[in-house]
Amino acid sequence: MLDYFFNPYPDETFYSVLCRYYESIGVEDQAYARRQLMGDRANTAIDTIFPNASIYNVLRNTPAGIFDIRNIILNHTPFLYFMRIYSYEKKMEALASLESGTGYPIGCEVSNTKSNYAPRYCPLCVREDTEIFGEPYYHVEQQIPFSSACIRHRCKLKQINRPLSGIHKLKFYPLGKMDLDLNADYNVSDTEYLINKTIWEYWKAPLSIGQTPGHNNLYQSLINGKYLELKGSIVGVERTALFADLCDFFGREFIEEYFGHNLLKSSVERLKNWTHIRPERYILLQIMTGMSTKEVFSPEPVRDILKDRLIELSKTDRFWTRKEVAAEMKVPPYSVDCLCRKYNIPVFWYQRNPSVREDQKRKSVVRRLTFSEDQFRRVSEVALAKGYRQETRFIQDVVDHYVTSELSMRPISHK
Ligand SMILES: [Zn+2]
């Protein structure tokens, strides 16, 4: 049993608390400190980004009822950042596993593994924490590999100097004992700030916030925006344009690091179905489309603009042609039939009755109509706008449409 242990400071990593413990016992021997903390499990890695069994191994040696393991995992490790896209059930499964002293492999312990990764600090947080608490400490959100700036001080994060070999996972590097560079670098662009702010939101949002089964607001917003791609009734994302815009917005090198050299169809599908579990791509797409974290994870689905518009048009009382509907919807004419089928909306533009055409072939009635020049010019204009090449065909369709709807509205005669 440990004689004493420390309460974590606000947003302090659990590893940082272990480092402070090591510093406090005043012994150089790191293995001794690990044995003090974890007894016969002293060889458990302590410097890991995603929480592991070390939390259970240490807390089981503290008096019962003082340190709450769930609180430590949720508030003093980046667990919630890495688990954000997972379902609630998966999050609970991972929590249960960690709380019982078993690790939980998520396959992206160091998301987008950077070989030169070492614990980070913000020079101004170091100064501020030393003033308030008497010592500096490691902050959780600053250890997430995707983060690069402190959002409180809007300056770049720095890394401690330590060997980059795997041995470090067993070692204590108390921040207060490291040789730190305390000059702040304020060269943080608005976009970089926004990325870091969003990382912070992904970490801080409550446990219950995560993937929304049945809809994906981020995906829907891409389609509602300028990335709609229609192949028949298959609504998808125009990947080439989206990838080009991402590169323009964030820089090609940066985007390739997180998306690869292009945007694969399978990647977009996985994002849409929430089966892509790394948060970085969601964050980048969300920032480019101007969505908030709240909107991305909202249980309320974003409106499907394509469907809403089609319903709205179908309710207007006028003579529509397919060409006009397609132009209004900004989709190719062949797609409007597919969309009506997809959304279960009855076709509302004029469709010539095929049996009438057959009748015409067999037997025709010819009548002459007389228009004033001005009248005919106006008819021509409208016919052309509706996609007709012949005014006579247009007049015939309008009259047929009118007569058909008139007849359909007549009360049924029971005679
Ligand atoms: Zn700071």
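Visitor: When does a residue count as buried?
Guide: The count is of other C-beta atoms around a residue's own C-beta, in this predicted model. A residue is exposed with 12 or fewer of them, and partly exposed in between. To be buried, a residue needs 20 or more within 10 Å.

Visitor: What percentage of the residues in the protein is buried?
Guide: The protein has 415 residues. Of these, the buried residues make up 28%.

Visitor: Is the protein a compact globule or more spread out?
Guide: The protein holds 21 helices and 6 strands. For 415 residues the globule rule gives 22 Å, whereas the radius of gyration is 32 Å. Along the principal axes, the C-alpha trace spans about 110 × 50 × 35 Å. Because the radius of gyration is well over the value from the rule, the protein is more spread out than a compact globule.

Visitor: How far apart are the C-alpha centres of domain 1 and domain 4?
Guide: The protein is divided into domain 1 (14–190), domain 2 (217–296), domain 3 (305–343) and domain 4 (354–409). Between the C-alpha centres of domain 1 and domain 4 the separation is 77 Å.

Visitor: Which helix gives the largest share of the largest nonpolar core?
Guide: That core has 65 residues, and L18, I55, Y81, Y121, I199 and W203 touch the most other members. The largest share is 6 residues, from helix α1 (residues 14–25). Domain 1 and domain 2 each supply at least three residues to this core. The helix asked for is α1.

Visitor: Which residue of helix α14 is in contact with I199?
Guide: Leaving aside neighbours within four places in sequence, the contacts of I199 are Y81, E141, I144, F146, S147 and I283. Helix α14 covers residues 279–288, and 8 of its 10 residues are buried. Among those buried residues are Y282, I283 and L284. The residue that appears in both lists is I283.

Visitor: Is A118 buried, partly exposed or exposed?
Guide: A118 sits in the loop between α6 (88–99) and β1 (120–121). The C-alpha atom of A118 is 7.2 Å from that of R162, 44 residues away along the chain. A118 has 17 C-beta neighbours inside 10 Å. Buried takes 20 or more and exposed 12 or fewer, so with 17 A118 counts as partly exposed.

Visitor: Which residue with a positive phi follows α14?
Guide: Helix α14 runs over residues 279–288. The residue after this helix has a phi near 75 degrees, and it is G290.

Key. Residues numbered from 1 in each chain as written. Predicted model: local features only at pLDDT ≥ 70, side-chain atom pairs only at ≥ 80, totals over all residues. Helix = DSSP H or I, 4+ residues; strand = E, 2+ residues; numbered from the N terminus. Core = buried A, V, L, I, M, F, W, Y, C linked by C-beta atoms within 7 Å. Domains from an automatic or database assignment. Contact = placed C-beta atoms within 7 Å. Rg over C-alpha atoms; globule rule 2.2 N^0.38 Å.
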